[in-house]
Amino acid sequence: MGKIYPYFRYDGYTTCGEKQLWKIVELENEYLRIRIFPQIGGKIWSVFDKKSNQEMFYDNDVVKFRDISLRGPWTSGGIEFNYGVVGHGPTCSFPVDYRTCTNPDSSVSCIIGVLDLLTRSRWSVEINLPADKSWFTTKSFWHNSNASFQPYYNWVNTGVAAKDDLRFTYPGTHIIRHDGVALPWPLDKEYNKDLSVWRENNFIGSKSYHIVGSLQSYFGAYWSDDDFGMLQYAERDQKIGKKMFSWALSDQGDIWKDLLTDYSGQYVELQSGRLFNQNMAISSLTPFKQIQFTPYATDTWTEYWFPYHGIGKVSSVSLYGAGNIEVDNNGISLKFYPIQDISSTLCFYDSDGKLLYESPVKFTVSQIYSNHFAEQDINGTQRITLNGHEIWSNADDSLDRPVETVPDFDWNTAYGNYLRGRDLIGMRLYSEADGYIRKSLELDGNFVPALTEMAALYFRKMDYDSAYACARKALSIDTYDAKANFEYARAAWKLGSLKDAYDGYEIATLTSPLRSAAYTELAKLRFLSKDFIKARKYAVKSLVNNAANVEALQLIYLCDAVNQKADASVLKQLKEIDPLNPFILFEQYYQNQTDVLKEDFIKSIHSDMAQQTYLELAVYYHGLSLDDRAKAVLSILPSPDGEALYWCAYLCRGSAQAFYYLDLAEQADPSFVFPFREESKDVFEWASTIGKSWKANYYLALLQFSRNNTEKVVALLNKLKNRPNFAPFYSLRGRLSTVNADKEADIKLAIQYAPKEWRYKHQLTRLYFAEKRYKEALKVIEPFYYKHKTHFPTGSLYTKALMYCKDFAKAEKVLSNTYILPFEGERGGRLLYQEIKLRLALQALNDGKADAALKKIEESFLWPRNIGAGKPYENTLDERLEYWLSALAYLQKGDKTAANRALETVAESFQSKSSVYTLLQALALNKLDKAAQADSLFEEWSSLQKVANIKDWGSRFYNDNKNKKYPLDYNNLSRIIGLISGIEDLRLF
């Protein structure tokens, strides 16, 4: 199942703009004007500095959604909030819950937030603008509201205008890449570039730097021509991650200006994160690994954002303002841009802490303070404070934290495999994680950390017996291991052994890592046994080390409420911590049962897939045996889908009403119903035994698919035979089938039930590609293309079908009329274009038409905008194939001078020596009478090949052609050209 399930992707994009009304929340004071778009992820679209008449961020003039985010649509600019699994997350372009308020201190706030379905955690951000300061804050709240460890990812992504005078203000000594590799910052020694100057990043491709190595707690951007900048400040324990991303400064990046805006130009992303880097899986092989979000943990942090101008590049940042402090032989020059009013004293200290000089100051917001302190007064100054807080220090703050792992660490050990598996779990890559954890246990079956992770993986797969066995084995080795006890208790609870669940949770409370979570679970167990006094006691205990544990506060409230002693002060406390929590408004409604309060609850939910907010709350109540509340939640759900209706029936089981809801569920449209909660398993299993429809089993199959239980999915789908009249059912079953004939039959049924849906036509076309049934593929996609010529995914696939059928001239024409709107990193259109041109060139050469060949080769060097990719820097391109074909064309024409120029270009290449194009380079060297060098290069290429048949094929190709006067090897060159877009497979040569 895809990493984004239960979210779905959007694949429809257009080049045609239209007017659209967007809801905008505006916050404004004397200094700043902030615009927030709650319908586009709650993004802060614009922050205008009224004192300098400058925009702090990249204020895009249009909303142009392009395929960049986890779910597809993304638009550039402003400040975007990402929590859960990965950046440009599932809510970044969709409506979120929000509310506005004026606070007792006269500040104003817009609070945005949403339930993240991937982690079943809730996050919110309070965007607060004080009345009397030139900063605004973003205060994050994030609560893991379930008993499972979840991925831990948070990055706030800001866009700023990319101009030639842009400099990055990032204290640090190293950059960390996504793969965890460390390089120096800010100077790139290999290319002799200052990476903190945007225009000097004009090499290779896009840049993505995570800057580390300093204790400083800020980063930002500065535009020297305007003497203007923006800064982010946060206590370092709250935000250690500092990142810069820039599209390539070549046309490869410039294409995104056209794709993402009309007139706003290029942008750069400045990002803050909770971890050092946005790590890829391979980053686990470095010090920069992945952590997980502890059950029932709550994290909060605050970031300050503010502009400055008129002081040059900053060297000091605090919550008093930005300072440019320069030290020379004449003393210290201080330019300071205040962001709050303050009357205090500047104090100058030497390295021993001795006060050297004092200067009373009165700072006014946004009014520049400038002064020069003479050497005789402040000689030996090492530190300056304002109002008792350090605003500058001459001390070296570079850190000694290692950025490379030890070279002799053995990853093929139980511990090494465990680390890789653990990190993959933290990225929601559960299938891959399973392999590493199993390998760890193969190497050491008694390795406790791997046993507990295996228990968690089994629990996620809803295999509670196996989860229990793994956790129990871990306890037989270490009876006090906190995580083993916690997983043991969770599995025991699911298996109905409450005594063992109590035992596991109670022992897990002995040590701090899972103490709060274990007390929360004990509170739930006691609540279910109606021991509300003990339940409340445990919930209170869980708050000792986790004061913002929302789950515990809700339990405290419910313990009182079921005894008719509902305490409104607990709801008030919850609101202060988690102001968008739907539990609060629902309980107010449930206790009073008024239409006004019901409407307040319904109107508070604005988010995309809003039904999931209702269902999550109902499932929560059901988990505490508060089914009356669960039914009340679902009774006010507007337009419930099939899953919600099955839940309504299940909650009413044993009554006639159950059959009423069951009938509605079976009639409901199954489109866009994506079950993912383990609690729904019982619902669907119950419904499948008493209902008449196929839908309960289908939904159960989707749930099992989301837990990687493929065998159970196949069994459920096959059990239904061909009863469903629903195309996605057959598409899924066809995807999972191991028999090609069955795959084909199912996909054809999907097409039968949804003949206008492009995905199923594509699925069948690709199946025929895989089976080398190219003419049948063409028969499927060609008529569909002619009805949907503007649908670029179909245009691209039709082009490929024509190429498989060797109709390159027609493929060329179709592709020229296809306008591809790419996803980030997309090169498919360019590869099709390049291959078609070179195929036509080779055909012309084979027909003795050198001039026609040269024309196509010349066209192959181009990067037309419609193919969805901009041209990278020349020195990054491997054009040995193009120049080799050019040399052959010139030799055919008898133009030896031009042929030699082309051969020299091939021969002098510095591109990858493992590439098949290196064989052409060796042949070029031969043609230039450099036989020894050619043979040496071939031997080097051969030594780099890992697959025997590739090495053997390369040897034959090289030796057969190296002594030919005119080495036009049509068949092998055709196969090499076919590698460009993947029509040929090098492994089969």
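**Figure 1. Phenylalanine 586 in helix α13 is a buried residue.** At 0% relative accessibility, phenylalanine 586 falls under the 20% cut-off and so counts as buried. The model shown here and in the other views is predicted. Tyrosine 589 is buried too, with a relative accessible area of 9%. Both residues belong to helix α13, which covers residues 582-592. Three residues separate phenylalanine 586 from tyrosine 589, about one turn of the helix.

**Figure 2. Aromatic pairing, seen in two examples.** The structure holds 79 aromatic pairs. One of them joins phenylalanine 586 and tyrosine 589. Their ring centres are 5.9 Å apart, and the planes make an angle of 65°. That angle is over 60 degrees, so the pair counts as edge-to-face. Phenylalanine 586 and tyrosine 589 sit within one helix, α13. Another pair is formed by tyrosine 646 and phenylalanine 684. Here the centres lie 6.1 Å apart and the planes stand at 90°, so this pair is edge-to-face. Tyrosine 646 is in helix α17 (residues 642-651), while phenylalanine 684 is in helix α19 (residues 680-690). The pair therefore ties together parts that are 38 residues apart in sequence. Tyrosine 646 and phenylalanine 684 are both buried.

**Figure 3. An aromatic cluster that includes Phe586 and Tyr589.** Tyr557, Phe583, Phe586, Tyr589, Tyr590, Phe601, Tyr614, Tyr620 and Tyr621 form one aromatic cluster. Among these, Phe586 and Tyr589 make the edge-to-face pair of helix α13.

**Figure 4. Helices α3 and α4 pack against each other.** Helix α3 spans residues 414-425, and helix α4 spans residues 430-443. Their axes come within 8 Å and cross at roughly 160°. The angle is over 145 degrees, so α3 and α4 are roughly antiparallel to each other. The crossing of α3 past α4 is left-handed. From α3, the contact draws on Ala414, Asn417, Tyr418, Arg420, Gly421, Arg422, Leu424 and Ile425. From α4 come Tyr430, Glu432, Ala433, Tyr436, Ile437, Lys439, Ser440 and Leu443. The contact residues divide into nine nonpolar, three polar and four charged.

**Figure 5. The contact of helix α25 with helix α26.** These two helices, residues 774-787 and 792-804, pack at an angle of about 145°. Their axes are 9 Å apart. α25 passes α26 in a left-handed crossing. On the α25 side, the contact residues are Tyr774, Leu778, Ile781, Glu782, Phe784, Tyr785 and Tyr786. They meet Thr794, Gly795, Leu797, Tyr798, Ala801, Leu802 and Tyr804 of α26. By class, the contact holds 11 nonpolar residues, two polar and one charged.

**Figure 6. Aspartate 746, a buried residue of helix α23.** The helix runs over residues 740-753. Aspartate 746 has 6% relative accessibility and therefore counts as buried. Leaving out residues up to four places away in sequence, aspartate 746 touches Tyr730, Arg733 and Gly734.

**Figure 7. Lysine 3, in the segment before β1.** Strand β1 covers residues 25-28. Lysine 3 is partly exposed, with a relative accessible area of 31%. Its contacts, not counting residues up to four places away in sequence, are Val85, Leu118, Met427, Arg428 and Leu429. Leucine 118 is 115 residues from lysine 3 along the chain. The C-alpha atoms of lysine 3 and leucine 118 are separated by 8.5 Å.

Conventions. Residues are numbered from 1 along each chain as its sequence is written. This is a predicted model: local features need pLDDT of at least 70, side-chain atom pairs count only at pLDDT 80 or more; totals for chains, interfaces and linings use all residues. Side-chain values use heavy atoms; hydrogens and water are left out. Axes are lines fitted to C-alpha atoms, for helices over the stretch in contact, and angles run from 0 to 180 degrees between N-to-C directions. Helices (H or I, at least four residues) and strands (E, at least two) are DSSP runs, numbered from the N terminus. Angles under 35 degrees count as roughly parallel, over 145 as roughly antiparallel, 65 to 115 as roughly perpendicular and the rest as oblique. A crossing is left-handed if the near helix is turned anticlockwise from the far one by less than a right angle, and right-handed if clockwise. Contact means heavy atoms within 4.5 Å. Ala, Val, Leu, Ile, Met, Phe, Trp, Tyr, Cys and Pro count as nonpolar, Asp, Glu, Lys and Arg as charged, and the others, Gly among them, as polar. Rings of Phe, Tyr and Trp (its six-membered ring) pair if their centres lie within 6.5 Å; planes under 30 degrees apart count as stacked, over 60 as edge-to-face and the rest as tilted. Buried means under 20% relative accessible area, exposed over 50%, partly exposed in between (1.4 Å probe, protein chains only).
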